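Student: I am new to this structure and would like a close look at a single part of it. Could you take me through the aromatic rings and the helix contact that belongs with them, step by step?

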Amino acid sequence: MKYRIAKKSDIHEILKLITCCAPKLVSHHEYVYWMLTTYFGSSCFVALDREKIVGFISGLPSEDKKSLFIWQISVHPDFRRASIGSELLMKVWKGSVKLGLDKIQFSIEPENKISQSLFKSFAKKNSLKIRQVKIDQLEKSQEVVYEIFG
């Protein structure tokens, strides 16, 4: 498995990957992925198996420049349970430390147990702390915001 920073030329494959991860992950307009790979490339990574994208993670620095918010993480269903999600998280964690950020934040719907397990096991495996920050009630869903820190 190879990991690298996501590029503009990856957008089509990233969209295909996210589509196959539905309904838990929502695919957005290609413009969003262009923006991410063009302006936030140092916090967006892909996992490749024989040059095919099988994993993707994207993050954005917070307005206060203290944390990196993980916007999306996806792993192709055929490649789950192979530590790809953890490796992608490690890439983002190391990148956030290089940027001088001291934590990563992310939101998960309460029923998304797979994502909750991924982030909790990542924190435990790397001797990091994880805590719930808040719960945001949206019109049609609820998002629980967590953070991982040293």
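Tutor: Rings of Phe, Tyr and Trp, the last by its six-membered ring, pair if their centres lie within 6.5 Å. With that in hand, and keeping in mind that this is a predicted model, we can say that ring pairs link Tyr-31, Trp-34 and Tyr-39 into a cluster. The structure as a whole holds six aromatic pairs.

One of these pairs is formed by Tyr-33 and Trp-71, whose rings are tilted, with 5.9 Å from centre to centre and 45 degrees between the planes. Because Tyr-33 belongs to helix H2 (residues 30-39) and Trp-71 to strand E4 (residues 67-75), the pair ties together parts that are 38 residues apart in sequence. As for their surroundings, Tyr-33 is buried, since its relative accessible area is 1%, whereas Trp-71, with a relative accessible area of 29%, is partly exposed.

Another aromatic pair, that of Phe-106 and Phe-119, is stacked, with 3.7 Å from centre to centre and 10 degrees between the planes. Here too distant parts of the chain are linked, for Phe-106 lies in strand E5 (residues 103-108) and Phe-119 in helix H4 (residues 113-125), 13 residues apart. Both Phe-106 and Phe-119 are buried.

Now let us return to helix H2 and its neighbour. The axes of helix H1 (residues 11-20) and H2 come within 10 Å and cross at roughly 120 degrees, and this angle makes H1 oblique to H2. The crossing of H1 and H2 is right-handed. On the H1 side the contact is made by Ile-11, Ile-14, Leu-15 and Ile-18, while H2 contributes Glu-30, Tyr-33, Trp-34 and Thr-37. Sorted by class, the residues in the contact of H1 with H2 are six nonpolar, one polar and one charged. Tyr-33 therefore appears both in the tilted pair with Trp-71 and in the contact between the two helices, and Trp-34, a member of the ring cluster, is also part of that helix contact.

Trp-71 leads on to one further residue, Ser-58, which lies in strand E3 (residues 52-61). Ser-58 counts as buried because its relative accessibility is 0%, and, leaving aside residues up to four places away in sequence, Ser-58 touches Leu-36, Ser-43, Cys-44, Phe-69, Ile-70, Trp-71 and Gln-72.

Note on methods: Residues are numbered from 1 along each chain as its sequence is written. This is a predicted model: local features need pLDDT of at least 70, side-chain atom pairs count only at pLDDT 80 or more; totals for chains, interfaces and linings use all residues. Side-chain values use heavy atoms; hydrogens and water are left out. Helices (H or I, at least four residues) and strands (E, at least two) are DSSP runs, numbered from the N terminus. Buried means under 20% relative accessible area, exposed over 50%, partly exposed in between (1.4 Å probe, protein chains only). Contact means heavy atoms within 4.5 Å. Rings of Phe, Tyr and Trp (its six-membered ring) pair if their centres lie within 6.5 Å; planes under 30 degrees apart count as stacked, over 60 as edge-to-face and the rest as tilted. Axes are lines fitted to C-alpha atoms, for helices over the stretch in contact, and angles run from 0 to 180 degrees between N-to-C directions. Angles under 35 degrees count as roughly parallel, over 145 as roughly antiparallel, 65 to 115 as roughly perpendicular and the rest as oblique. A crossing is left-handed if the near helix is turned anticlockwise from the far one by less than a right angle, and right-handed if clockwise. Ala, Val, Leu, Ile, Met, Phe, Trp, Tyr, Cys and Pro count as nonpolar, Asp, Glu, Lys and Arg as charged, and the others, Gly among them, as polar.
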